Amino acid sequence: MVQIRLARPEDAAALVGIYEPYVKETSITFEYDVPSVEEFTARIQAISEGFPYMVCEINGEIAGYAYAASFRERKAFQWDAELSVYISPRFHRRGIAKVLYECVFQFLREMGYLTLYALVTIPNRDSIPFHERLGFYQIAKYPRTGYKLGKWHDMLVLEKRLAPKPDQPEPPHGFSTLPQEFVENILRDAENKLEQYWNNR
């Protein structure tokens, strides 16, 4: 049974469980310390105030999550968003990340966002082609910008254009302003896409 839904504060413990090995064992995130459940709860609440924060459940178990956040805090960047996705190793290569990202794309487009960014530590043989298949392209590299697990790491900046940039853009609006029916339809379509993907494999 597949469910794509919005994250809730009570999901924090499960999401920390997914995030923990990325913190401890990889340079995919530059975070050194695994956040507490309380801290992660606060993050979910803060992000969800203005952006989509998605989870995928498989038979009642959270398999992964994705969310958008402000790319930069200065007001001139308000049409830009940064995306993140984390999938439990048990559920890799099952189409979950793609479906979660596509949900976020649709919500952000409707909210008025124009440009999306993903920051990818390299080497990362899976993440770069994954993003490129979804329409991201490389625009910059920060060489030896982060030190973790005894090494300096480069970081790639990938960009995806959601919509053309008008001369006088209207400010984007918050996720909570989207009609409930629109949100529910996107979530149900995502569930159907994931199930169809599995059935066709």
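Me: Where in the chain is Arg93 found, and how are the element names to be read?

Reply: Arg93 is found in the loop between strand E4 (80-87) and H3, where helices (H or I, at least four residues) and strands (E, at least two) are DSSP runs numbered from the N terminus. This is a predicted model, in which local features need pLDDT of at least 70 and side-chain atom pairs count only at pLDDT 80 or more, while totals for chains, interfaces and linings use all residues. Residues are numbered from 1 along each chain as its sequence is written, and side-chain values use heavy atoms, with hydrogens and water left out.

Me: What is the sign of phi at Arg93, and is Arg93 buried or exposed?

Reply: Most residues other than glycine have a negative phi, and most peptide bonds are trans. Arg93, although not a glycine, has a positive phi of about 60 degrees, and it counts as exposed because its relative accessibility is 62% (buried is under 20% relative accessible area, exposed over 50%, partly exposed in between, with a 1.4 Å probe and protein chains only). Leu149, again not a glycine, has a positive phi of about 55 degrees and sits in the loop between strand E6 (137-148) and strand E7 (151-161).

Me: Which residues does a cis peptide bond join?

Reply: The cis bond joins Ile122 and Pro123, with omega about 5 degrees, and Pro123 is found in the loop between strand E5 (115-122) and H4. Helix H4 (residues 127-133) contains Ile128, which counts as buried because its relative accessibility is 14%. Leaving aside residues up to four places away in sequence, Ile128 touches Val120, Ile122, Gln138 and Leu156, a contact being heavy atoms within 4.5 Å.

Me: How should the overall fold and its size be read, and how many helices and strands are there?

Reply: The protein has five helices and seven strands, which run β-α-α-β-β-β-α-β-α-β-β-α from the N terminus on. A compact globule of 201 residues would have a radius of gyration near 17 Å, and the protein agrees, because its value is 17 Å (taken over C-alpha atoms, the globule rule being 2.2 Å times the number of residues to the power 0.38). Among contacts between residues at least 6 apart in sequence, 68% join residues at least 24 apart, and buried residues make up 47% of the 201 residues.

Me: Which residues have the most contacts inside the largest nonpolar core?

Reply: A nonpolar core is a set of buried Ala, Val, Leu, Ile, Met, Phe, Trp, Tyr and Cys residues joined through side-chain atoms within 4.5 Å. The largest has 61 residues, and those with the most contacts inside it are Ile4, Tyr65, Tyr101, Phe107 and Leu108; H3 gives the most to this core, with 11 residues. Beyond four places in sequence, the residues that Leu108 touches include Phe51, Ala68, Leu83 and Leu162.

Me: What lines the largest cavity?

Reply: Rolling a probe the size of a water molecule over the atoms shows where empty space is left. Here a cavity is a set of points, on a 1 Å grid over the protein atoms alone, where a 1.4 Å probe fits but cannot get out, and lining residues have an atom within 4 Å of a point. The largest cavity is lined by Val99, Glu102, Cys103, Gln106, Ala190 and Lys193. Helix H3 (96-111) and helix H5 (180-199) are the elements that give two or more residues to this lining, and H3 gives the most, with four residues.

Methods. On a 1 Å grid over the protein atoms alone, a cavity is a set of points where a 1.4 Å probe fits but cannot get out, and a pocket is an open set with protein on both sides within 12 Å along at least five of seven lines; lining residues have an atom within 4 Å of a point.
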